[in-house]
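Biologist: I would like to learn how to read a few features from a coordinate file. Could we go through them one at a time?

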Amino acid sequence: MYQRILVPIDGSPTSLRGLDEALRLAKLTGATLRLVHVVDELKYVTGFETFAAYSSDVVPLMEAAGEQILRQGKERAQRAGIKAETVLFTSLAGRVSELVAEQARAWNAELIVIGTHGRHGVGRVLLGSDAEQVLRISPIPVLLVNAHQADGEASRAAAPHETAEV
């Protein structure tokens, strides 16, 4: 079963929940993970900065932050005993979802595991959803890990313990 799992991460608690689920799955299947971070330059363009200032000051900081996120993700995998490699992309054009799907094809991934906020309605329309777009265009199966569901499960799991102490 799944031997090559692609995991997009951005350092958020949601993406780390996706990584943790990928680690659990990799333990069961003996899979290798490829952690991917995309520096989405256009996401932070305000129009007030010059291109020269933006490309020489902001982009290197974003790339350094992305490298740190990948390093922390790889260390998390190593602590779990899972082999992981990392790839950083810098994107001036194109959506994050397109880069993830392209990387899945290029690396011959068998599964993509990605954390999602699970937004719906107006929140999803206004903020968009990279996870949903990955699901729509992915050439392989996608496992979406809902951050809110994980929170709910954690609080339910803690409730009996709290009651036992009372």
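**Reading helices, salt bridges and a strand residue**

Modeller: Start at a helix end: Gly30, just after α1, takes a positive phi of about 75 degrees. Keep in mind that this is a predicted model.

Biologist: How many residues does helix α1 have, and what does it reach from its first C-alpha to its last?

Modeller: The general idea is to set the span against the expected rise of 1.5 Å a residue. Helix α1 covers residues 13–29, which is 17 residues, and it reaches 24 Å, close to the 24 Å expected.

Biologist: Which residues of α1 are buried?

Modeller: Burial is read from relative accessible area, with under 20% as the cut-off. In α1 the buried residues are Thr14, Ser15, Gly18, Leu19, Ala22, Leu23, Leu25, Ala26 and Thr29.

Biologist: How many salt bridges does the structure hold?

Modeller: The count is four. One of them joins the side chains of Glu21 and Arg24, at 2.6 Å from N to O.

Biologist: Where do Glu21 and Arg24 lie, and how far apart are they in α1?

Modeller: Both are in helix α1, and because they are three residues apart, about one helical turn separates them. Glu21 is partly exposed at 27% relative accessibility, and Arg24 is also partly exposed, at 48%.

Biologist: Which residue forms a salt bridge with Arg136?

Modeller: The partner is Glu132, with the closest N and O atoms 2.5 Å apart. Both residues sit in helix α5 (residues 130–137), four residues apart, again about one turn of the helix. Glu132 counts as buried at 19% relative accessibility, whereas Arg136 is exposed at 57%.

Biologist: What does Arg34 form with Glu85?

Modeller: A salt bridge, in which the closest N and O atoms are 2.4 Å apart. This pair links distant parts of the chain: Arg34 belongs to strand β2 (residues 32–40) and Glu85 to strand β3, 51 residues away.

Biologist: Is Arg34 buried or exposed?

Modeller: Arg34 is buried, since its relative accessible area of 15% falls under the 20% cut-off. Glu85 is partly exposed, at 24%.

Biologist: Which residues does Thr86 touch, leaving out those up to four places away in sequence?

Modeller: A contact list shows which parts of the chain meet. Thr86, in strand β3 (residues 84–91), touches Leu35, Leu70 and Lys74. Its C-alpha is 5.6 Å from that of Arg34, although the two residues are 52 apart along the chain. Thr86 is partly exposed, with a relative accessible area of 32%.

Notes. Residues are numbered from 1 along each chain as its sequence is written. This is a predicted model: local features need pLDDT of at least 70, side-chain atom pairs count only at pLDDT 80 or more; totals for chains, interfaces and linings use all residues. Side-chain values use heavy atoms; hydrogens and water are left out. Helices (H or I, at least four residues) and strands (E, at least two) are DSSP runs, numbered from the N terminus. Buried means under 20% relative accessible area, exposed over 50%, partly exposed in between (1.4 Å probe, protein chains only). Contact means heavy atoms within 4.5 Å. The expected span of a helix is 1.5 Å times one less than its number of residues.
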